[in-house]
Amino acid sequence: MRIDLHAHSNASDGTDSPAELVAAAVGAGLDVVALTDHDTVAGHTEAADAVHALPAGTRLTLVPGAELSCVAGDISMHLLAYLFDPAEPAFAAERELVRTDRFRRGRAIVERCRELGADISWEQVRRIAGEGSVGRPHIASALVEAGVVASVSDAFTADWLANGGRADVRKHETDPVTAVRLVRAAGGVPVFAHPGAVKRGRTVSDQVVADLAAAGLAALEVDHIDHDEPTRAHLRGLAAELGLLTTGSSDYHGSRKTVRLGEHTTDPQVYEALVDQATGAKPIGG
């Protein structure tokens with residue numbers, strides 16, 4: 001089985017619609033794909049409908065999820081949440097608070113970019129985002145359109161949009177221990193996304209990971225494009241020490257990033273162990 005547990009649609013900052021993501025997963029030869037848009041479940045229904053509409057004999061399982069924006073002290077981090085009840089009130093309210101603040105932050109970042117000499121506009125960023133929740137990748141695309149940077153990845157430097165960069169503005173982010181507990185209370189399974197991605201900015205200490213494990217964290221996302229081999233080895237050792245599972249995922253964003261669906265995958269036994277922990281929702285199709 002080929003299992004990719006981290007992919008985005010245009011419900012947040014990917015370029016594929018949820019239905020197109022399902023088709024791309026089939027084309028990539030995946031057996032399981034997780035839809036994990038940032039702080040939203042807006043793409044779940046379309047993705048589920050697309051799975052149900054697949055031709056007879058086409059096997060694909062959809063794992064509904066989300067990627068949550070968190071902050072530990074002053075370090076931003078992301079938490080993947082799988083198979084939670086999207087209607088559970090406390091967790092739904094927290095996701096709504098984060099989504100609402102994304103617009104305030106987005107407008108503030110655009111204004112900072114303009115002050116730094118970038119000829120971009122909020123209207124341009126909204127056009128790029130479409131129906132999705134505005135995020136920094138949409139602003140990065142606007143910077144590319146304006147000729148300020150050559151690529152989306154080039155926008156995520158200290159000069160522009162990196163955490164703590166000249167144009168960065170902090171947004172509301174959930175305390176990660178609180179986030180883990182919210183996910184568990186909604187029947188979901190929490191996994192720490194790309195915990196060693198130093199190219200994105202500072203990463204949290206092993207002690208923070210231990211605190212998350214004590215709160216109910218299920219796994220670390222180890223096999224990821226932003227992790228080199230020494231980082232993966234360290235994370236595997238840490239996971240073993242803390243009794244956590246380890247996953248692998250592409251973190252696919254469509255054409256906005258170069259990573260391919262299925263570029264990194266999760267072991268089937270690990271996947272089954274994660275599903276067994278979930279009480280909020282079930283995988284779809286398959």
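# A tour from helix H10 through the strands to the cores

Start by selecting Asp267, which caps the N-terminal end of helix H10 through a side-chain oxygen lying 2.8 Å from the backbone nitrogen of Gln269; a polar contact is a pair of N or O atoms within 3.5 Å, where within protein one must be able to donate a hydrogen and the other to accept it, and residues adjacent in sequence count only if both atoms are side-chain atoms. The model is predicted, so local features need pLDDT of at least 70 and side-chain atom pairs count only at pLDDT 80 or more, while totals for chains, interfaces and linings use all residues. Residues are numbered from 1 along each chain as its sequence is written, and side-chain values use heavy atoms, with hydrogens and water left out.

**Helix H10**

Extend the selection to residues 268-277, the span of H10, where Val270, Tyr271, Leu274 and Val275 are buried; buried means under 20% relative accessible area, exposed over 50% and partly exposed in between, with a 1.4 Å probe and protein chains only. Helices (H or I, at least four residues) and strands (E, at least two) are DSSP runs, numbered from the N terminus. Looking down the axis of H10, you will find its buried residues within an arc of 135°, so they line one face of the helix; the arc is that of the directions from the helix axis to the C-beta atoms. Gln269 and Asp276 are exposed on the other side of H10, and Asp276 has a relative accessible area of 64%. If you also select Asp74, the C-alpha atoms of Asp276 and Asp74 are 34 Å apart in space, with their positions 202 residues apart in sequence. Next, display what covers the buried residues of H10, which includes strands S1 (3-7), S2 (32-35), S3 (61-72), S5 (189-193), S6 (219-223) and S7 (245-248); contact means heavy atoms within 4.5 Å.

**Strand S5 and its partners**

Select S5, in which 5 of the 5 residues are buried, so the strand is largely enclosed by the rest of the structure. Val189, Val191 and Ala193 are buried on one side of S5, and Pro190 and Phe192 are buried on the other. Strand S4 (residues 75-82) pairs with S5 in the antiparallel sense over 5 bridges, two strands being paired if DSSP finds at least two bridges between them. Within this pairing, Val191 in S5 is the bridge partner of Leu80. S5 and S6 run parallel and are joined by 2 bridges, and here Phe192 stands opposite Leu220 in S6. Follow the chain from S5 through helix H8 (residues 206-215) to S6 and you trace a right-handed β-α-β crossover; right-handed means that, with the strands pointing away from the viewer, the path from the first strand over the helix to the second runs clockwise.

**Two nonpolar cores and helix H7**

Now select Leu68, Leu79, Phe91, Phe192, Leu217 and Leu220, which touch the most other members of the largest nonpolar core, a set of 28 residues. The elements giving two or more residues to this core are S3, S4, helix H7 (176-185), H8, S6 and helix H9 (229-242), and the largest share, 5 residues, comes from H7. A second, separate core of 21 residues includes Ala129, Ile139, Ala155 and Leu161. Such a core is a set of buried Ala, Val, Leu, Ile, Met, Phe, Trp, Tyr and Cys residues joined through side-chain atoms within 4.5 Å.

Returning to H7, select its buried residues, Pro176, Val177, Ala179, Val180, Leu182 and Val183, whose cover includes S3, S4, H3, S5 and H8. At the N-terminal end of H7 the cap is Asp175, with a side-chain oxygen 3.2 Å from the backbone nitrogen of Val177, and just after the helix Gly187 takes a positive phi of about 80°.

**Last stops: Leu83, Asp251 and Asp223**

Leu83, in the loop between S4 and helix H3 (89-115), has a phi near 55°, a positive value in a residue other than glycine, and is buried with a relative accessible area of 2%. Asp251, in the loop between S7 and H10, likewise has a positive phi, about 60°, although it is not a glycine, and it counts as buried at 3% relative accessibility. Finish on Asp223 in strand S6, buried at 17% relative accessibility, where a polar contact of 3.4 Å joins its side chain to that of Arg232.
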